[in-house]
Structures are given as structure tokens and as C-alpha cells.
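Here is a short briefing to keep beside your viewer. Have a look at the structure first, and then walk through the notes below.

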Amino acid sequence: LTSTFGILEQAINSALGWREHAILVKPSQTKVGASVFTNTGRIYSGFNIQNKAQKSYHAEEVACINAMINGVKGENIAGIVVTFSDTDISKLTFCCDSCRQVLWEYTKNPNLNVYEVGLDGKIVSMKKFSELYPYPYPVYQDGSNINIDN
Ligand SMILES: [Zn+2]
């Protein structure tokens, strides 16, 4: 089914909605929602999950894991939307380095569109993945990348 909204608008709405499910250790911490969307119009969302005992999970990686366990091949991921609860979203950075690596190893797509979206649903910034993470790990000293070469 195709709705009247485009896939990007749907991904934004989904990320905003799932952000509300964020699990925080302290209420003052940041709720984050994320949605990856595919070339075929599917959306897989996630939210940050914190816990006191171990590593917390970021919304971006949860969205990727959601897509993975639903059988989506990374090559079919067209973009990711990330939403923050902070009012000063313009001061915040894009996905952390760990999430960039997760995105890279999953999609291997330097043209992936990465959107940062405010609580009002407006796109604050959009970058190609290659701008955000020009040298994904591991990169050889000659500039070639094992992920691309293989
Ligand atoms: Zn992260």
C-alpha cells in the first residue's frame, strides 16, 4: 500500500513515534528515535535503550537490527532518519561513531541519506553517509577499504 505521504515523511513520523518508547536510566537523558527506510518503501524503527548494567543501545543501531531481523538486506537501505528530544537539536552531532560503523557494515552504502529531524518533524540537516563517515573502519593506508574491496 502506498500512502499519500512519501517514504521520507513516513520514516520521520515513525521515528518521532517510536522515540516515545525510549528506555532511559534517568528521565533527564535524551530520547532518540530512528527509522531506516528501504528502496522498496519499508520502514524499520528503533529507539534508544539504556540500562544500568551494560552497554546501552542507540536508536540508530536498534533500527538497523530491526531491519536485519526482518530479513532486509543492507543494500536495500536507502536512508535513516534520526530524531532527538533536545530542543537545541541544531547543536547536536549526527550519529555517534559506533552507529556510523554499524550503518556502514550493514549497508556499505556511501550514498546513504542520513537525516537529522527535530521534534516538529522538520529536517534539520541531511548528509550523505560518505560526508559523515568518509573513512569507515578498516581502511588501508593506501586508502582502499576492505569493505568496498571485498
Ligand atoms: Zn550511536
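The notes that follow cover the metal site, the pocket, a helix and two asparagines.

This is a predicted model. A zinc ion is held by protein donors from His58, Cys96 and Cys99, and His58 and Cys96 also turn up among the residues nearest the centre of the largest pocket.

**Zinc site**
- The donor atoms are ND1 of His58 and SG of both Cys96 and Cys99, and they lie 2.0 to 2.3 Å from the zinc ion.
- Along the sequence, the spacing of these donor residues reads H-x37-C-x2-C.
- Distant parts of the chain are linked here: histidine 58 sits in the loop between strand E2 (43-47) and helix H2 (59-69), while cysteine 96, 38 residues apart from it, belongs to the loop between strand E3 (77-84) and H3.
- Histidine 58 has a relative accessible area of 33%, so it is classed as partly exposed.
- Cysteine 96 is partly exposed too, at 25%.
- The third donor residue, Cys99, is one of the buried residues of helix H3.

**Largest pocket**
- Its volume is about 220 Å³.
- The lining comprises 14 residues, with Val32, His58, Glu60, Phe84 and Cys96 nearest the centre.
- Sorted by class, that lining has seven nonpolar, six polar and one charged residues.

**Helix H3 and what follows**
- H3 spans residues 97-107, and its buried residues are Cys99, Arg100, Gln101, Leu103, Trp104, Tyr106 and Thr107.
- Directly after H3, lysine 108 adopts a positive phi of about 50°.
- Asparagine 109 lies in the loop between H3 and strand E4 (113-117).
- With a relative accessibility of 19%, asparagine 109 counts as buried because the cut-off is under 20%.
- A polar atom of the asparagine 109 side chain is 2.8 Å from the backbone nitrogen of asparagine 111.
- Beyond four places in sequence, asparagine 109 touches Ile77, Trp104 and Phe129; of these, Trp104 is itself buried in H3.

**Asparagine 48**
- This residue is located in the loop between E2 and H2, which also holds histidine 58.
- Asparagine 48 is buried, with 6% relative accessibility.
- Its side chain reaches the backbone oxygen of threonine 30 at 2.7 Å.
- Setting aside neighbours within four places in sequence, asparagine 48 has contacts that include Thr30, Val32, Tyr57 and His58; Val32 and His58 are also among the residues nearest the pocket centre.
- Between asparagine 48 and glutamate 61, which are 13 residues apart along the chain, the C-alpha separation is 8.6 Å.

Definitions and conventions:
Residues are numbered from 1 along each chain as its sequence is written. This is a predicted model: local features need pLDDT of at least 70, side-chain atom pairs count only at pLDDT 80 or more; totals for chains, interfaces and linings use all residues. Side-chain values use heavy atoms; hydrogens and water are left out. Buried means under 20% relative accessible area, exposed over 50%, partly exposed in between (1.4 Å probe, protein chains only). Helices (H or I, at least four residues) and strands (E, at least two) are DSSP runs, numbered from the N terminus. Donors are N, O and S atoms within 2.8 Å of the metal (3.2 Å for Na, K and Ca); water is not among the atoms, so sites may look incomplete. On a 1 Å grid over the protein atoms alone, a cavity is a set of points where a 1.4 Å probe fits but cannot get out, and a pocket is an open set with protein on both sides within 12 Å along at least five of seven lines; lining residues have an atom within 4 Å of a point. Grid points are joined across faces, edges and corners, and a volume is the space filled by probe spheres set on the points. Ala, Val, Leu, Ile, Met, Phe, Trp, Tyr, Cys and Pro count as nonpolar, Asp, Glu, Lys and Arg as charged, and the others, Gly among them, as polar. A polar contact is a pair of N or O atoms within 3.5 Å; within protein, one must be able to donate a hydrogen and the other to accept it, and residues adjacent in sequence count only if both atoms are side-chain atoms. Contact means heavy atoms within 4.5 Å.
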